[in-house]
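Work through the exercises below with the sequence and the coordinates open. Each task is followed by a worked solution.

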Amino acid sequence: MMKTLFNTLPLLIPMLLAACSQADLRATGDLGVVIEREQGSAQIVNTSKPAMLSRIEGLGDLSHASVVFSRDQRYAYVFGRDGGLSKVDLLQDKLAKRIIQAGNSIGGAISQDGKVIAVSNYTPGGVKLFDADTLEQLAEIPALYGEDNKLSKVVGLVDAPGQRFVCSLFEGNQIWLIDAKNPRQPQVQKFQNIGKQPYDALLTPDGHFYAAGLFGEKGLALLDLWQPEQGVKHILQDYGKDDAQTPVYKMPHLEGWTVAGNWLLVPAIGRHEVLVVDTRDWSLARRIPLAGQPVFVMARPDGRQAWVNFAFPDNQTVQVIDIKDFQVVKTLQPGKAVLHMEFSPRGEAVWLAVRDEDRVMVYDTETLAETARLPAQKPSGIFFSNRANQLGL
Amino acid sequence: MRFIWLLALFCHVAVADEPNPQRQRELLNMLKHDCGSCHGLPPRGGLGPSLLPEALADKNDAMLIDAIQNGRAGSAMPPWKQFLTTDETVWLVRLLRGKDWEND
């Protein structure tokens with residue numbers, strides 16, 4: 001008996017140890033971050049359960065915030081309005097590092113190889129590059145434009161293949177292609193007069209095209225990253241030019257790209273509609289009338305549906321478009337102020353941030369019924385860790 | 001002493017101009033979150049300029065009320081008169097001028 005125990009002891013101990021530490025094991029693949037804008041905190045959530053795991057506080061002004069993930073999905077980098085760049089450890093529920101890198105910031109991106117973090121700033125206008133590991137500053141690129149060298153606010157910053165970043169200058173009316181192969185000495189290629197006041201941009205999931213939405217005039221500025229020497233093309237210049245312009249109560253966000261067939265869906269600025277663009281020739285294929293001014297038009301990962309939320313005063317509504325025939329198949333009323341939507345990696349579920357109801361709601365994307373709700377303090381953005389593996393997010 | 005009724009009348013008018021407490025909460029929420037989406041929270045500025053007391057000090061009430069009610073041509077600021085009465089706008093401007101964002 002004694003001998004048996006003695007023989008099995010070496011086996012037993014690791015098993016016991018494993019049982020003890022089992023509760024602490026956490027895989028990053030089903031984690032996410034929910035931004036709580038008023039108190040400057042972020043929840044770490046499990047997207048499979050779904051459940052809140054912890055709350056990270058002290059992230060500063062998150063009245064506008066975005067998140068990218070390290071390539072191993074262990075860390076979330078949170079870009080705050082106040083220029084804060086926070087590195088959150090999703091495994092240990094703690095703030096790993098935090099710096100204030102500018103006075104006023106709008107968002108950021110992580111390089112193709114995961115080693116460089118880029119931040120786009122309003123004040124001082126420009127882009128800064130940081131070491132993803134240490135957050136040491138590697139380079140500063142002031143967004144100088146015009147003859148008197150003014151600084152422009154920088155928007156629509158994304159990563160692109162070839163260790164590059166792309167961004168747009170709101171007042172400068174330019175698109176900049178930044179080569180960060182040597183991140184201490186980035187090379188900038190500038191495209192001027194791309195259209196008035198680019199407000200945000202998107203990258204196609206294959207990294208081929210960069211499209212910036214224009215606030216100061218109709219249409220989008222399009223850059224083919226396979227052939228940047230061809231310059232920026234202005235598309236959809238003529239759509240709705242005879243329509244009355246309505247005031248814009250919240251800047252739309254360009255993020256999400258529907259690849260069912262060859263369609264790009266973008267919010268029509270100042271109008272109650274989504275534009276469907278045929279990406280084979282960049283012509284306007286149709287306009288889908290909706291319940292309000294779209295803010296986010298997010299494609300389900302399989303491209304079959306697009307979910308749309310709206311600007312004030314219609315932000316209690318969410319509409320679902322079936323890409324098969326571009327019809328609105330459902331109008332949901334999740335609650336007051338739906339600010340953001342995020343799909344699970346394969347799209348069977350979507351999470352909605354409902355700010356004024358202090359909750360996050362989860363919907364089944366097939367039945368379009370609510371399946372769960374989680375408490376959150378004035379939630380705004382929702383970001384899942386599978387973004388780590390996607391270009392341009 | 002004879003004019004105390006007049007004072008009472010003034011007070012009454014001042015109170016009547018103020019939005020009720022429920023509406024004040026709605027307006028504050030709107031200021032933090034809807035205005036805040038461009039101006040920041042606290043509103044140190046973003047796409048829109050700072051709305052902190054020191055940033056508003058050299059701007060007169062008429063200009064601020066007009067900017068909120070009618071928007072600012074050539075900028076991203078939309079008109080809010082469809083959603084805010086003049087009294088509510090005046091109340092918001094007064095609130096912004098006196099607000100201590102760090103400690104309130």
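**Exercise 1. Strand β19(A) and its partners**

Task: Which residue of β20(A) stands opposite A:Ala211? Then place β19(A) among its neighbours and describe its burial.

Solution. Step 1: A:Ala211 faces A:Leu222 in β20(A). The model is predicted: local features need pLDDT of at least 70, side-chain atom pairs count only at pLDDT 80 or more, and totals for chains, interfaces and linings use all residues. Residues are numbered from 1 along each chain as its sequence is written, while chains are lettered from A and ligands numbered from 1 in the order in which they are written.

Step 2: β19(A) and β20 (residues 220–224) of chain A run antiparallel and are joined by 5 bridges. Strands (E, at least two residues) and helices (H or I, at least four) are DSSP runs numbered from the N terminus, and two strands pair if DSSP finds at least two bridges between them. The hairpin of β19(A) and β20(A) has 5 residues between the strands, and A:Gly219 has a positive phi near 95°.

Step 3: β18 (residues 198–203) of chain A also pairs with β19(A), in the antiparallel sense over 5 bridges. Here A:Ala201 is opposite A:Ala212. This hairpin has 5 residues between β18(A) and β19(A), with A:Gly207 in the turn at a positive phi of about 75°.

Step 4: In β19 (residues 209–214) of chain A, 6 of its 6 residues are buried; buried means that 20 or more other C-beta atoms, placed from the backbone, lie within 10 Å of the residue's own. A:Phe209, A:Ala211 and A:Gly213 point one way, and A:Tyr210, A:Ala212 and A:Leu214 the other way.

**Exercise 2. A contrasting hairpin**

Task: How many residues of β28(A) are buried, and which strand pairs with β28(A) over 5 bridges?

Solution. Step 1: β28 (residues 327–332) of chain A is hardly covered, with 0 buried among its 6 residues.

Step 2: The partner is β27 (residues 318–322) of chain A, in the antiparallel sense. A:Ile321 stands opposite A:Val328.

Step 3: The hairpin has 4 residues between β27(A) and β28(A), and A:Phe326 in the turn has a positive phi of about 55°.

**Exercise 3. An open sheet**

Task: What is the strand order of the open sheet of 4 strands in chain A?

Solution. Step 1: The order is β4-β5-β6-β7, with antiparallel pairing.

Step 2: β4 (66–69) and β7 (94–100) of chain A are the edge strands, since each pairs on one side only.

Step 3: β6 (residues 84–89) of chain A is joined to β7(A) by 6 bridges. Across this pair, A:Lys87 is opposite A:Lys97.

**Exercise 4. Core and overall dimensions**

Task: Which residues have the most contacts inside the largest nonpolar core, and why does the radius of gyration of chain A agree with a compact globule?

Solution. Step 1: The largest core has 119 residues, and A:Tyr77, A:Phe165, A:Ile175, A:Tyr210 and A:Leu352 have the most contacts inside it. Such a core is a set of buried Ala, Val, Leu, Ile, Met, Phe, Trp, Tyr and Cys residues joined through C-beta atoms within 7 Å.

Step 2: A second, separate core of 6 residues includes B:Leu51, B:Ile68, B:Leu92 and B:Leu96.

Step 3: Chain A has a radius of gyration of 22 Å, and a compact globule of 393 residues would have one near 21 Å, so the two agree. The radius is taken over C-alpha atoms, and the globule rule is 2.2 Å times the number of residues to the power 0.38.

Step 4: Chain A comes to 1 helix and 33 strands, and 49% of its 393 residues count as buried.

Methods: A residue is buried if 20 or more other C-beta atoms lie within 10 Å of its own, exposed if 12 or fewer, and partly exposed in between; C-beta atoms are placed from the backbone.
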